[in-house]
Amino acid sequence: MKFLTRAGPVWLWALTLAAFAVQTDDYILIGVLPAVSHTVQLSETATGQLVTVYSLTYALAAPMWALLPLRVSRRRALCGALTVFGAANFAVLLVDEYVPLMALRVVAALAAALVLPTALAAAGAEAPPKRQGRYLATVMTGLTGAVLLGVPAGTWIGALFGWRATFLFGGLLGVGALLLLLRTLPRAEAHAVSERTSLRVMLRPLLNGGVTVILVVTILTVAGNLAFQTYIAPFLAGVSSVSPTVLAVLLVCAGIGGLLGTQASGRLIDRFTPGRVFSLVSVVFCGAMLAFAGLWLVRPVPVALTAVLLVAWSAAAWAVPPSIQSLMLTRAGTEAAAQAMAVQSSAVYVGAALGGAVGGGFLAADQGLIPAAAAGLAFLSLVIMVPVMRSRTADLSSSTNRDVETETA
């Protein structure tokens, strides 16, 4: 029996829910940090390290999982990881001390590090011809939705029922994705994954210059985005004198822009090429950042103008990942999809750390320079990516010519 909707197969939305669950769980602690801090009797700074350890564990574990020589289908890997993920969140109900809570955060992150790359790899590998971009973008919508809906919902639940209910919410999201995947993800998908025989065989598709360049570009683009996003509150307060209430509205607008940008990116990738889409959205991103840098010089500016630029920035920023992921899958190949997505996921966290450091440095010097720095990093990534995009075009042209010659012969 096929499980289809007009928007795509149900298993694709199950993968999206899995992405939503693990991304929500990454930041869900932020909204209930004071309550958790009071329970474990530590400062908010110390308690905040629970977020840090989750991100760090994920960054280190994602490539480790992908490179283990295990003969496990993506379906089984996803279901097993989601089971552990849900259990780690439910177990929070039983603890009230810092060390056990830290241990459970590590376990949840270890599971999440397997879920998200595998979900992206499954979406890309199982996508019909000329729909890979849309399928990847759909899974990426889960990440955007986590920021826009998941984290605020978790905060609201924690305020009503206590901070442990927030983690119960995260666990239920994971179990929901698990049950949906068990019901809908095709068992035939297991045949799409080659059996992992040795570390050398698994690494071979990743050991080429194109993949290395794409990883560097991933780091730079994420760094450029996070340099601005991390310090968006003080920047917007300075450029338009926004109040906390107005800031919340602006962030919702940015989230909606991100959702629209993600979906538009997937459709454009399928219609054109990932390289062209990456170039287009990178230019839009740079333009929005440079416009913000210019507005800083004439501040304060109307909130409406700030809102328009914020939506353009968010749409472009969230449109970048599907194009880079599609380029990575093209370079690494379907056989190494899980490994490629895992290594790229790890690169995202490296970029996030770099972006936070860059943005913090400019915040201390002159926060008006933050968007200019973000634009510089994005432009550098575009310049670095050009040779990869040109070589890919050449490869496609050469392949087409060979096919024509074969048919003629």
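**Stop 1: helix 5 against helix 8**

Select helix 5 and helix 8 and look at how they cross: the crossing is left-handed. This is a predicted model. Helix 5 covers residues 74–90 and helix 8 covers residues 163–184. Their axes lie 8 Å apart, at an angle of about 160 degrees. Helix 5 is therefore roughly antiparallel to helix 8, since angles over 145 degrees count as such.

Now show side chains. On helix 5, the contact uses R75, L78, C79, L82, T83, F85, G86, N89 and F90. On helix 8, pick F167, L168, G170, G171, L172, G174, V175, A177, L178, L181 and L182. Color the contact by class. You should find 13 nonpolar, 6 polar and 1 charged residues.

**Stop 2: helix 5 by itself**

Keep helix 5 and hide helix 8. How far apart are the end C-alpha atoms of helix 5? They are 24 Å apart. That agrees with expectation, because 17 residues at 1.5 Å a residue should span 24 Å.

Next, select the buried residues of helix 5. These are R74, R75, A77, L78, C79, A81, L82, F85, G86, A88 and N89. Several of them belong to the helix 8 contact, including R75, L78, C79 and L82. In an α-helix there are 3.6 residues a turn, so residues three or four places apart point the same way. Keep that in mind as you turn the view.

**Stop 3: helix 1 against helix 5**

Add helix 1, residues 10–27. Is helix 1 mostly covered or mostly uncovered? Mostly covered: 15 of its 18 residues are buried. Check its length too. The end C-alpha atoms are 26 Å apart, which agrees with the 26 Å that 18 residues should span at 1.5 Å a residue.

Helix 1 packs on helix 5 at an angle of about 35 degrees, and the axes are 12 Å apart. This crossing is left-handed. From helix 1, select L15, A18, A21, V22 and D25. From helix 5, select L78, L82, F85 and N89. The contact divides into 7 nonpolar, 1 polar and 1 charged residues. L78, L82, F85 and N89 also appear in the helix 5 contact with helix 8.

**Stop 4: two loops with a positive phi**

Most residues other than glycine have a negative phi. Two places here go the other way.

Go to Q41, in the loop between helix 2 (33–40) and helix 3 (44–47). Its phi is near 60 degrees, positive although Q41 is not a glycine. Is Q41 buried or exposed? Q41 is exposed, with a relative accessible area of 70%.

Then jump to S241, in the loop between helix 11 (232–240) and helix 12 (244–271). S241 is not a glycine either, and its phi is positive, about 55 degrees. S241 counts as exposed because its relative accessibility is 56% and the cut-off is over 50%.

**Stop 5: a cis peptide bond**

Most peptide bonds are trans. Select R299 and P300 for a cis one, with omega about 0 degrees. P300 sits in the loop between helix 13 (274–297) and helix 14 (303–332).

**Last view: the whole chain**

Zoom out. The chain has 16 helices and 2 strands. Of its 409 residues, 51% are buried. Look at contacts between residues at least 6 apart in sequence: 83% of them join residues at least 24 apart.

How values were computed: Residues are numbered from 1 along each chain as its sequence is written. This is a predicted model: local features need pLDDT of at least 70, side-chain atom pairs count only at pLDDT 80 or more; totals for chains, interfaces and linings use all residues. Side-chain values use heavy atoms; hydrogens and water are left out. Helices (H or I, at least four residues) and strands (E, at least two) are DSSP runs, numbered from the N terminus. Buried means under 20% relative accessible area, exposed over 50%, partly exposed in between (1.4 Å probe, protein chains only). Axes are lines fitted to C-alpha atoms, for helices over the stretch in contact, and angles run from 0 to 180 degrees between N-to-C directions. Angles under 35 degrees count as roughly parallel, over 145 as roughly antiparallel, 65 to 115 as roughly perpendicular and the rest as oblique. A crossing is left-handed if the near helix is turned anticlockwise from the far one by less than a right angle, and right-handed if clockwise. Contact means heavy atoms within 4.5 Å. Ala, Val, Leu, Ile, Met, Phe, Trp, Tyr, Cys and Pro count as nonpolar, Asp, Glu, Lys and Arg as charged, and the others, Gly among them, as polar. The expected span of a helix is 1.5 Å times one less than its number of residues.
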